[in-house]
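Colleague: Could you take a close look at one part of this model and explain how its charged side chains are arranged? Please begin with a neighbouring element, so that a first-year student can follow the vocabulary.

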Amino acid sequence: MEYRLLNHLIRQSQEFADSLEGVFSNLFADEKGVGGIMVFGLTASSSEEQHRRGVLAAAQLASSLNSLDIHDGSVGVMCGQTYAGPVGSDTRSDFTLLGDTVNTAARLMAATKKLSTEGLSSSADMQLLKFLDQEVSFG
């Protein structure tokens with residue numbers, strides 16, 4: 001993938017996350033395709049609101065990938081507790097997300113490739129998407 005397109009995706013992902021009071025952690029591109037990680041719930045908003053924002057950001061990102069004609073991108077959404085913070089040593093550390101919630105979202109992302117769809121989510125997320133679809137056009 002061309003670096004300018006990758007930079008554009010990073011900028012868009014940051015804007016999506018920022019507009020919904022989330023944090024864009026990273027975007028990665030490898031032989032498996034393009035993926036990214038956003039986290040919601042680091043602020044004091046309600047769990048239901050965090051969930052809604054996460055699903056909305058995922059839908060925006062999937063729509064953006066389609067509009068840029070990127071067909072090897074994937075989106076996975078999962079709601080739950082996770083570790084969000086630094087991992088490393090005194091000389092070098094990175095902000096990371098760890099836990100079953102992150103792993104499940106990654107598995108949902110991987111499953112999108114096998115099912116030839118752009119995004120997967122838990123059943124609760126799907127109910128929320130149906131509700132949001134009445135409020136927002138996902139393109």
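Modeller: Valine 23 counts as partly exposed, because its relative accessibility is 31% (buried is under 20% relative accessible area, exposed over 50%, partly exposed in between, with a 1.4 Å probe and protein chains only). This valine belongs to strand β1, residues 23-30 (helices, H or I with at least four residues, and strands, E with at least two, are DSSP runs numbered from the N terminus).

The model is predicted, so local features need pLDDT of at least 70 and side-chain atom pairs pLDDT 80 or more, while totals for chains, interfaces and linings use all residues. Residues are numbered from 1 along each chain as its sequence is written, and side-chain values use heavy atoms, without hydrogens and water.

We may now turn to the charged side chains. The whole structure contains four salt bridges (a side-chain nitrogen of Lys or Arg within 4 Å of a carboxyl oxygen of Asp or Glu). One of them joins glutamate 21 to arginine 53, with 3.0 Å from N to O. Glutamate 21 is found in the loop between α1 (3-19) and β1, whereas arginine 53 is in helix α2, so this pair ties together parts that are 32 residues apart in sequence. The two partners can also be described by their accessibility. Glutamate 21 has a relative accessible area of 44% and is therefore partly exposed, while arginine 53, at 13%, counts as buried.

Within helix α2, which spans residues 47-67, arginine 53 has a further partner. Its side chain meets that of glutamate 49 in a salt bridge of 2.9 Å, N to O. These two residues stand four places apart in the helix and are thus separated by about one helical turn.

Glutamate 49 also forms a salt bridge with arginine 52, at 3.0 Å from N to O. Here the spacing is three residues, again about one turn of helix α2. Arginine 52 is partly exposed because its relative accessible area is 22%, and glutamate 49 is likewise partly exposed, with 21%. Through shared partners, the salt bridges unite Glu21, Glu49, Arg52 and Arg53 in one network.

Elsewhere in helix α2 lies serine 64. At 5% relative accessibility, this serine counts as buried. Apart from neighbours within four places in sequence, serine 64 is in contact with Leu9, Gln12 and Phe16 (contact means heavy atoms within 4.5 Å).
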